[in-house]
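Here are some notes for a colleague who is opening this structure for the first time. Please read them with the model in view, taking the points in order.

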Amino acid sequence: MHKKPKKYSVFSLIRNAVSYHENWQPVWRSPEPKKEYDAIIIGGGGHGLTTAYYLAKNHGLTNIAVIEKGWIGGGNTGRNTTIIRSNYLWDQSAALYEHALKLWEGMSQELNYNVMFSQRGVMNVAHNLHDVRELKRRWHANRLNDIDCEWLNREQVKEFCPIINTSPNIRYPVMGATLQRRAGTARHDAVAWGYARGADAMGVDIIQNCEVTNINVKNGQVTGIESTKGSINSKRVGVVTAGHTSVIANMVGIRLPLESRPLQALVSEPVKPVIDTVVMSNTIHAYVSQSDKGELVIGAGTDGYTSYSQRGGFNIVEDTINAVVELFPLFSRMKMLRHWGGIVDICPDASPIVSKTHIKGLYFNCGWGTGGFKATPGSGWVFAHTIANDEPHKLNAPFTINRFSSGELVDEHGAAAVAH
Amino acid sequence: MFLIKCPYCGEREQSEFSCGGEAHIVRPKNPPDLTDDEWADYLFMRKNIKGVQFERWNHSNGCRRWFNIARNTATDEILKIYNMGERPPKIEGNDLKTPSGEPEIGSGNISTSFKKE
């Protein structure tokens, strides 16, 4: 057994400060893979790590490996715009994302790791009559599902976010907005590190720089994986590889309704605090918030073609910046410092798949598309339940692969508040 | 962003085009006999390949004509452009070394060496 990690506190901070911060223990171990595990999770992003964490915590399954081809926090977990909210239209999605939001609210305490979760509110802006009707419909649906949501008129929008341009004479004037006050942002890689530390403390092996090259199946039952660090046996394999889900699925001939596309984001030079909330707009297709370092974090839309290249088209960035500058004219002379793309797996109904497959012991958690970050703890919670019991949790029962045959799609195309 | 050489108009920016998704998906000949699973497979399921993928593209902000592209989705290199109705071409060259094309340590995309035409 390995040593339990030391608890972080103000005392440990002082103790380590006097030794010039040279004696902090590593946040997680770097073990070599064992021959066999009770469960293997492919993909060490947020969703994979939370799956391992809740398998250990809720279901007592600690002999687990998380296999990651790169490093922890180096994939989409570190490439998103960190927005967390639960104001989804349909009952199925609302229940799943609200469960996740409740887990976010206690996360830093539970993990003894500051994920910098900040409930600064998320405002979805309406620019035309159609937007107003759609957002009001979502507002009412949220209230029926016991999710906090408010409608703001133009004056209230201006009051809540004073730097927004509410002139009626711009191309897409602000006509109102919904506001979820419990929504907000978090430090994305801290989430991955915190869950990695928590899972590792319960005995989960986190194996980085190890790519899965094949999945072994015998008589319709998973028997293990082949990897760049050799073969590892397990009767249960959970696949949580986001944009690369189809790459894994193609190894075992499973057909999924996914298309992988680049989704871009960019970050500006740091400035003094100017915007203390998250503003999203569907119609003009932009979302913006300000990080604790002072950078504006701006999200764009997906590129309209399949690509695994982790970079997208400049025209998408240009469209997004046009929209941001119209809404916030004071940003017009700011310089953008960094820009990147992540590969997101998009489902035809813009809802995830958290499901068993026809191969026994093989489970998929994918299709989160452009909005997976907010679901990180909830996704792991229900996927761990699915793997441990070989049956979906009631929250992910509507999100099986079979819905594409039965026609019970959960159409959340409007939910991302940016059109895809 | 990349450039696409429209067979009818010449080289233009990708933003002038729309991707119509995976090519060579044949509509089933016997629709009334299909099971729900078979319909789902035809309507929704996609190969979504990392590597050489055959796709339909439309020059939607130009001549509005359709054509096929063989494209390496790992690098966005266009390998061959061919007409609608033609069989998928054979592309010669080396594929990704591992399924996701990862180098031994770290993450990121490594190049492939498919022959361009």
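**Notes on surface patches, ring pairs and salt bridges**

1. On the surface of chain A, Val10(A), Phe11(A), Ile14(A) and Val18(A) together make a nonpolar patch of about 440 Å². Please keep in mind, here and below, that this is a predicted model. Val10(A), one of the patch residues, lies in helix 1 of chain A, which covers residues 10-18, and Val10(A) counts as exposed because its relative accessibility is 51%, where the cut-off for that word is over 50%.

2. Chain B offers a surface patch of another kind, in which Asp33(B), Asp36(B), Asp37(B) and Glu38(B) gather as a region of negative charge. Glu38(B) belongs to helix 1 of chain B, residues 36-43, and with a relative accessibility of 41% Glu38(B) is classed as partly exposed.

3. Turning to the aromatic rings, the count over all chains comes to 19 aromatic pairs. Among them is the pair of Trp104(A) and Phe373(A), whose ring centres lie 5.3 Å from each other and whose planes make an angle of 45°, so that the pair is described as tilted, given that stacked pairs have planes under 30 degrees apart and edge-to-face pairs over 60. This pair links distant parts of the chain, since Trp104(A) sits in helix 3 (residues 91-105) of chain A while Phe373(A) sits in the loop between strand 19 (362-366) and helix 10 (376-389) of chain A, 269 residues apart.

4. Are the two partners of this ring pair buried or exposed? Trp104(A) is buried, with a relative accessible area of 1%, and Phe373(A) is buried as well, with a relative accessible area of 9%, because the cut-off for buried is under 20%. Elsewhere in chain A, ring pairs also link Tyr53(A), Tyr54(A), Tyr195(A) and Trp381(A) into a cluster.

5. For charged side chains, a search of the whole structure finds 21 salt bridges over all chains. One of them joins the side chains of Asp349(A) and Arg403(A), with 2.7 Å from N to O. Asp349(A) lies in the loop between strand 17 (336-346) and strand 18 (353-356) of chain A, and Arg403(A) lies in helix 11 (residues 403-406) of chain A, so this salt bridge ties together parts that are 54 residues apart in sequence. Both Asp349(A) and Arg403(A) are buried.

6. Which side chains does Lys356(A) meet in salt bridges? The side chain of Lys356(A) meets that of Asp390(A) at 3.9 Å, N to O, and this contact ties together parts 34 residues apart in sequence, because Lys356(A) is in strand 18 of chain A and Asp390(A) is in the loop between helix 10 and helix 11 of chain A. Lys356(A) is partly exposed, with a relative accessible area of 30%, and Asp390(A) is likewise partly exposed, with 22%.

7. Lys356(A) also forms a salt bridge with Glu391(A), at 3.4 Å from N to O. Glu391(A) is placed in the loop between helix 10 and helix 11 of chain A, and Lys356(A) in strand 18, so that this pair connects parts 35 residues apart in sequence. Glu391(A) counts as partly exposed, at 44% relative accessibility.

8. Finally, a set of salt bridges that share partners joins Glu98(A), Lys102(A), Glu105(A), Asp148(A) and Arg182(A) into one network.

Technical notes
Residues numbered from 1 in each chain as written. Chains lettered and ligands numbered in written order. Predicted model: local features only at pLDDT ≥ 70, side-chain atom pairs only at ≥ 80, totals over all residues. Heavy atoms only, no water. Patch = residues over 30% accessible without salt bridge, like charges linked within 9 Å, V, L, I, M, F, W, Y side chains within 5 Å. Areas by Shrake-Rupley, 256 points an atom, 1.4 Å probe, with all protein chains shown as cover. Salt bridge = Lys/Arg side-chain N within 4 Å of Asp/Glu carboxyl O. Lys, Arg positive; Asp, Glu negative; His and termini not counted. Charge placed at Lys NZ, Arg CZ, Asp CG, Glu CD. Helix = DSSP H or I, 4+ residues; strand = E, 2+ residues; numbered from the N terminus. Buried < 20%, exposed > 50% of the residue type's maximum accessible area, 1.4 Å probe, protein only. Phe/Tyr/Trp six-rings, centres within 6.5 Å; stacked < 30°, edge-to-face > 60°.
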